[in-house]
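Trainee: Hi! Could you walk me through this one with me? I'll keep my questions short.

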Amino acid sequence: MHIDSLVLALSSAAPWHGDPVAPLALGLAVILVTAKIGGEVAARLGQPAVLGELLVGVVIGNLALVGYGGLDYLKTDQVIDIFARVGVIVLLFEVGLESTVGEMLGVGWSAFLVACVGVAAPFALGWAVGAWLLPEAGAYVHAFLGATLAATSVGITARVLKDLGKERSPEARVILGAAVIDDVLGLVILAARTAVIAAADSGAPLSYGGLALTVGKAVIFLVGALFVGVRVSPRLFSLASRLRASGVLLALSLAFCFFLSWLADAVGLAAIVGAFAAGVVLEDAHFREFAARGERSIHDLIAPIATFVTPIFFVVIGTRADLRVLARPEVVGLALALTAAAVVGKQACSAGLVGTKASRLVVGIGMIPRGEVGLIFAGIGLGLRVGGEPVIDQATFSAVVVMVMVTTMMTPPALSWAFARAARQPARAAAGRGP
């Protein structure tokens, strides 16, 4: 039997025969192996691994175009979808762990202004693109496009800055500080958008007062979670350090993450808001007792779990992008317009630079990649429904995925060029002042 016949037989038989876990096992095996292969190829090409994971998902989801549909169930399998949702919660928890409350409060006005402009300008441009190219789609789709363009991938930017050896530069401090605030503002926008669509789905009108209440709820939750968490978590982990069972630190950290995720959902926000807040609250100082007895840091402990569940999210998101719609000129036009709006909108954020010598060009380019955050927003948008009908169709979703891929791919070489250009400018200025 040829290998392709064997794979076809396994995949076609798995969903209906034998142990019901078998198709899940096969699906996870395919996802994890292809994700690592895609990540490796992307890394060798100088691109973030997440881009490779997304691309292999696109390939798997469109194998039917070449006559093979044995893996189509990965797009809709409910258990795999749950794994993907857990993956995005763990991802936002990891992103939160990279920042602390003190760092967020200490980024300064410059980073705060950069973040605010970097959210407002792309949101307005995304809405304008939707109103221009999709006038019949309505305000929900226009708001979805604006919210997705408002995001910035702090993880991808941080990785590129580290690879360039610029992680301690003035530009890096502004970019990373602004990107974290950007994510917080983006999550607030996501909460508001989800509430608006939920109200429409239930048939209840949503007043401006109700929208303001939702935004206020998101802000209060984030501030409250950070405020209470900073005071409660040190005592909680200090008490837990008295337990001698293995794995206490990891179990308690994940429990804290999952509890805040549940709490965020319970008050009407996205679960990822709680996961992000949990990560920001937990600091290395909370784990001193664990470190004193030789245990690894929470960053090291969470990494293997993230390595398992996070790629599932990106691959599954990729499988849901339909390449057939890209044959339609209007979809390609939408993807190009969204990409242009995404780039231009983030360049506007450099206007927020005050009191710093950081290069405006470097900061603007550093805020471009949408990466995992844009995909999270896109994935949530794909699942929203009004009257039983999806708010976002496959064409719009696929155009957004293209925008995310292009902005992610262009950032590493563009940022390297911008740093080199910024370094040449002082030399030229000095030469101009010479005798």
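Trainee: Let's start with arginine 328. Is that residue buried, partly exposed or exposed?
Mentor: Arginine 328 counts as partly exposed, at 38% relative accessibility. Keep in mind that this is a predicted model.

Trainee: And which residue does the side chain of arginine 328 meet in a salt bridge?
Mentor: That would be glutamate 330, with an N to O distance of 3.0 Å. Glutamate 330 is partly exposed too, because its relative accessible area is 49%, and a residue has to be over 50% to count as exposed.

Trainee: Do salt bridges share partners somewhere, and if they do, which residues are joined?
Mentor: Asp81, Arg85 and Arg320 are joined into one network by salt bridges that share partners.

Trainee: What's the N to O distance between arginine 320 and aspartate 81?
Mentor: Their side chains meet in a salt bridge at 2.9 Å. This pair links distant parts of the chain, with the two positions 239 residues apart. Arginine 320 is in the loop between α14 and α15, while aspartate 81 is in helix α4, residues 78-97.

Trainee: Are those two buried or exposed?
Mentor: Arginine 320 is buried, with a relative accessible area of 19%. Aspartate 81 counts as buried as well, at 17%. The cut-off for buried is under 20%.

Trainee: How many salt bridges does the structure hold?
Mentor: There are 5. One of them brings together the side chains of arginine 324 and aspartate 322, at 3.1 Å from N to O. Arginine 324 counts as exposed at 56% relative accessibility, whereas aspartate 322 is buried at 15%.

Trainee: Any general reason why such side chains pair up?
Mentor: Side chains of opposite charge can pair when their charged atoms come close.

Trainee: OK, changing topic. What does the secondary structure of the chain come to?
Mentor: The protein chain has 18 helices and 2 strands. Buried residues make up 50% of its 435 residues.

Trainee: And what share of the contacts is long-range, say 24 or more positions apart?
Mentor: If you count contacts with a separation of 6 or more, residues 24 or more positions apart account for 81% of them.

Trainee: Let's look at some helix pairs. At what angle do α2 and α14 pack?
Mentor: Helix α2, residues 21-44, packs against α14 at about 90 degrees, and their axes are 9 Å apart. The two helices are therefore roughly perpendicular to each other.

Trainee: Which residues meet there?
Mentor: From α2 you have Leu28, Ile31, Leu32, Ala35 and Lys36, and they meet Thr307, Phe308, Pro311, Ile312, Val315 and Val316 in α14. By type, the contact divides into 9 nonpolar residues, 1 polar and 1 charged.

Trainee: How do α2 and α3 cross?
Mentor: Their axes come within 7 Å and cross at roughly 130 degrees, α3 being residues 49-61. That makes α2 oblique to α3. The crossing is right-handed.

Trainee: Which α2 residues take part in that contact with α3?
Mentor: Val30, Thr34, Ala35, Lys36, Gly38, Gly39 and Ala42 do, and on the α3 side they meet Ala49, Gly52, Glu53, Val56 and Ile60. The residues of this contact divide into 6 nonpolar, 4 polar and 2 charged.

Trainee: What about α11 and α12?
Mentor: Helix α11 (residues 248-266) and helix α12 (residues 271-281) have axes that come within 7 Å and cross at roughly 140 degrees. That makes α11 oblique to α12. Here α11 passes α12 in a right-handed crossing.

Trainee: Who's touching whom in that pair?
Mentor: Phe256, Cys257, Leu260, Ser261 and Ala264 in α11 meet a set in α12 that includes Val273, Gly274, Ala277 and Val281. The contact divides into 10 nonpolar and 2 polar residues, with no charged ones.

Trainee: How many residues of α12 are buried?
Mentor: 10 of the 11 are, so α12 is largely enclosed by the rest of the structure. Among them are Ile272, Phe276, Gly279 and Val280.

Trainee: Last one: what is leucine 249 in contact with, beyond its sequence neighbours?
Mentor: Leaving aside neighbours within four places, leucine 249 is in contact with Phe237, Phe287, Phe290, Glu295, Arg296, Ile298 and Leu301. Leucine 249 lies in helix α11 and is buried, with a relative accessible area of 1%. Its C-alpha atom is separated by 9.1 Å from that of arginine 296, 47 residues apart along the chain.

Terms used: Residues are numbered from 1 along each chain as its sequence is written. This is a predicted model: local features need pLDDT of at least 70, side-chain atom pairs count only at pLDDT 80 or more; totals for chains, interfaces and linings use all residues. Side-chain values use heavy atoms; hydrogens and water are left out. Axes are lines fitted to C-alpha atoms, for helices over the stretch in contact, and angles run from 0 to 180 degrees between N-to-C directions. Helices (H or I, at least four residues) and strands (E, at least two) are DSSP runs, numbered from the N terminus. Angles under 35 degrees count as roughly parallel, over 145 as roughly antiparallel, 65 to 115 as roughly perpendicular and the rest as oblique. A crossing is left-handed if the near helix is turned anticlockwise from the far one by less than a right angle, and right-handed if clockwise. Contact means heavy atoms within 4.5 Å. Ala, Val, Leu, Ile, Met, Phe, Trp, Tyr, Cys and Pro count as nonpolar, Asp, Glu, Lys and Arg as charged, and the others, Gly among them, as polar. A salt bridge is a side-chain nitrogen of Lys or Arg within 4 Å of a carboxyl oxygen of Asp or Glu. Buried means under 20% relative accessible area, exposed over 50%, partly exposed in between (1.4 Å probe, protein chains only).
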